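Subject: Structure handover and notes

Dear colleague,

I am passing on the structure below, together with my notes on what was found in it. Please read the notes with the model open beside them.

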Amino acid sequence: MATLPLSFTIQSDSVNHGATESSKLIPSAHCVYGIRVARSLEKTDMERKHAHVEFKNYAAKDSFSHRNLKVVATSRIFVFQNEERSAAYRFRTEIGGQVKVLVRKKNLKYSVHVEVTSLELNNGEDNKLVMSWGIFRSDSSQFMPLDFRSSTPDARSRTVETPFAQESIGKFAVELDFEVSLTPFYLSFQIKFPLDGDSKSPYLKSHRKTNFCVPVGLGSGHPAPLGLSFPADGSMNFALYARSGKGVVLCLYDDPKAEEPSLEIDLDPYVNRTGDIWHASMDRVLPFVSYGYRCKRGIHGEGNKFSTEHVLLDPYAKIIGNAHFGKLIKEPPFDWGGDVRPCVPMEKLVVYRINVARFTMHKSSGLPNEIAGTFSGITEKLHHFKDLGVNAILLEPVFTSDEKEGPYFPCHFFSPMNFYGPSGDSIATINSTKEMVKILHANGIEVLVEAVFTHTADSCALREIDKSSYYHVSGDENLEKTRNYLNCNYSIVQQMILDSLHYWVMEFHVDGFSFVNATVLLKGFHGEFLSRSPLVEAIAFDPLLSKTKIISDSWDPYDMASKEITFPHWKRWAEINTRFCDDVRNFLRGKGLLSDLATRLCGSGDIFLNGRGPSFSFNFIARNFGPPLVDLVSFSNDELSSHLSWNCGEEGPTNNTVVLERRLKQVRNFLFILFISLGVPVLNMGDECGQSSGGSPAYDDRKPFDWNASRTIYGIQTLQFISFLSSLRMRRSDLLQKRRFSREENIEWCGRDQSLPNWEDPTSRFLGMTLKVDKDSSDSSDSRDSGSGDLFVAFNGADHSEIVILPRPPPEMEWLRLVDTALPFPGFFSKDGEHVLEQMTELLTYEMQSLSCVLFEARSLND
């Protein structure tokens, strides 16, 4: 075997490395060690001429003076497997030659076979090689105390000198046997050349001028997969990326409530490191329940100190305990039998955004305390989603996050927040998350998740593990201001993000992701914008994500604002359409151009025409930052100037009937435009029942959902109107749910008198639109069969009424009014339609009130 330049090669002689290649271990100050040594140079097996040393426990106590030692009784560490396991090491010596070490486990013993070959020795010295050795767990200079029956160890250094036996010419060997109860530890040794009459005997070391050192009772593990894994051989494998670290310490706990680890393993850079990944393995039966890491400063640190006094969470841990340590258990099995993803086409989606905790935590939800504010609480309100007519929910971030900073500042990407579980327990949380997804799927509702991969909370372990790899550390000033922006297009960060997405799709069956602060996904290593972001492209073409919805959202949680960007899409990426929100808000407050409104109604072709379609536009009026829908029409102070709100005449709460009626019309107008426009409507939790934040745009000022508000007159009529609009979109999917843009000849625009609109006149506030059934399209077959025809929609943003002339209906059809947002409840919308048009000199007219929208549908005269 070729020799690695680092000094030795690890070679497995069996299927498992689970009990061999590791490094320094920190047990307890007051460890109970008992070792008797019986050395025999006379072996009954004459074919193997080597020294044999057998170690057994005895009851003797000793204490270490090293201040870093931790307390753990060796009696806690037992191994019960009987199968043989082995691992081999090969060292180069400083004068040439090789030292081979084979560590084998069989039954309850470890056998360490040391073999020296190819040494250039002087005549007469062949039979005088001696192995000077000791065992340690924390510090190679602080060997464990030993008590020997047949030899006297050096009381100062606690070393043992064992002669090698010559097996053949140029080949020397010695074998040591250790009981499993002594492990884990390290065997450290030198090869001594005793010279006659000279007390200063030279020592032979490795070519690195260090002792030969091999672990006993630990394995080197494997560099993949990252995180904790459970190979089929019965071991646990740990793998952590830490390029800049000088050292990594694996910390193990045998008590979930303990503040300090019961055992710490200082991973050896030559045995437990492959490339930039540190790894180790242990038997699964060891009595530990959780784990974490300490990292030593390296390239970007100082000296040999730990970068933190705290034990850090494994970035790839799947199950997290209450103390934010990874649990040493497999993920619980879950019965996904019968689960079928709804696979709702993009153009047919109606999305409802939810904060898991706020949705049901209010006492008005009527749920028990252990369910309120959890994933299980969402499924208890399944009827609410059906009442609204939504077929997808968009969860605010559910990754483990910093409780003080909120869900948009994650500290982990592979586990749901325990806070959202029924008991705060990680296993219960995972199961309830999966149960929620399964129940929603069974009812035809998809589950989308907001994902934050662009930045982390201050408390995220990645900062201490390898800041220079995971984070932007120079370049863009905007990134430096926040200091927590992830270097998303760096290879290891990109891999982590993809691994996380795969995990949520495969383990939790989520149907898609909305990527918050997507602008940063386009940043390069030095903060520059990339026209072809490797991460964005990788997500677009990833085979495991091919059936999921992937949505970019330019909202920045730091600035609490959205940033308009040209996002590369590869015909796969949808976008949260901020321009839709802005242009509709402007129109209904008397600003903006009619051409802007028309563009949004038709699916935002200025954004999605190049290779995509209107179904890639996720439209919204209000969302979870900025003013809620009712505040958007109730407040317009300086703090809200950037949110384009209008208070309809008075600021804040009022008893003025005229102002209240105007606000009610505006809420209806917003909802109507949202659902009548091409694209995917996105509702925000609480807007259906008038939830207010008192005019504050801050995310933290959002209140829990008050279920009592849904039973008020306002809540009842708004919920029913949304339900009607959802049904209308489904019934007239040929015109309102289109994957492709409508052809020019299928849309007619007009002013109030059927003249052309004043597109570029900022004072013009009226727009009419006729959506014509495409007779050649298969999508229109349902509408023809049902006797439905064209739709006429009009928007009056002026502060006065208008007499509107409608176009002539198709032959054998008449216009029926479905919606007039200015009418009182319940008459402002109708599923069956109303005959309300007046005949004026062969023209059909209708009087529209100020600040209102109307919808007419052409229906067969025979209906």
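In this model, which is a predicted one, ring pairs join Tyr316, Phe399, Phe413, Phe414, Phe453, Tyr503, Trp504, Phe508, Phe513, Phe515, Phe567 and Trp573 into a cluster. The structure holds 44 aromatic pairs, and one of them, formed by Phe515 and Trp573, counts as tilted because the ring centres are 5.0 Å apart and the planes stand at 55°. This pair connects distant parts of the chain, since Phe515 belongs to strand E26 (residues 512-516) and Trp573 to strand E30 (residues 573-577), with the two positions 58 residues apart in sequence. Both Phe515 and Trp573 are buried.

Charged side chains also meet aromatic rings. Lys318 lies over the face of Phe414, at 5.0 Å from the ring centre, and Phe414 is itself a member of the cluster described above. At another site, the charged end of Arg623 sits over the ring of Phe620, with 5.7 Å to the centre of that ring.

Turning to the nonpolar cores, the largest comprises 122 residues, and those with the most contacts inside it are Tyr352, Ile378, Phe385, Leu395, Phe513, Phe672 and Phe795. Helix H7 (residues 491-508) supplies the largest share of this core, namely 10 residues. Apart from it lies another core, of 33 residues, which includes Tyr89, Leu119, Met144 and Leu176. As for Leu395, if residues up to four places away in sequence are not counted, its contacts are Ile354, Val356, Phe375, Ile378, Met436, Val447, Leu448, Val449 and Glu450.

Two further residues may be worth a look. Ser852, in strand E41 (residues 852-860), is buried, with a relative accessible area of 1%, and its side chain reaches the backbone oxygen of Gln849 at 2.6 Å. Not counting residues up to four places away in sequence, Ser852 touches Asn669, Ala794, Phe795, Asn796, Asp820, Thr821 and Ala822; of these, Phe795 has already been named among the residues with the most contacts inside the largest core.

Ala709, by contrast, is found in a loop, the one between strand E32 (680-684) and helix H14 (713-731). With a relative accessible area of 15%, Ala709 falls under the 20% limit and is therefore buried. Leaving aside neighbours within four places in sequence, Ala709 is in contact with Cys689 and Gly715, while its C-alpha atom is separated by 7.7 Å from that of Gln691, a residue 18 places apart from it along the chain.

With best regards

Technical notes:
Residues are numbered from 1 along each chain as its sequence is written. This is a predicted model: local features need pLDDT of at least 70, side-chain atom pairs count only at pLDDT 80 or more; totals for chains, interfaces and linings use all residues. Side-chain values use heavy atoms; hydrogens and water are left out. A nonpolar core is a set of buried Ala, Val, Leu, Ile, Met, Phe, Trp, Tyr and Cys residues joined through side-chain atoms within 4.5 Å. Buried means under 20% relative accessible area, exposed over 50%, partly exposed in between (1.4 Å probe, protein chains only). Helices (H or I, at least four residues) and strands (E, at least two) are DSSP runs, numbered from the N terminus. Contact means heavy atoms within 4.5 Å. A polar contact is a pair of N or O atoms within 3.5 Å; within protein, one must be able to donate a hydrogen and the other to accept it, and residues adjacent in sequence count only if both atoms are side-chain atoms. Rings of Phe, Tyr and Trp (its six-membered ring) pair if their centres lie within 6.5 Å; planes under 30 degrees apart count as stacked, over 60 as edge-to-face and the rest as tilted. A charge sits over a ring if NZ of Lys or CZ of Arg is within 6 Å of the ring centre and within 35 degrees of the ring normal.
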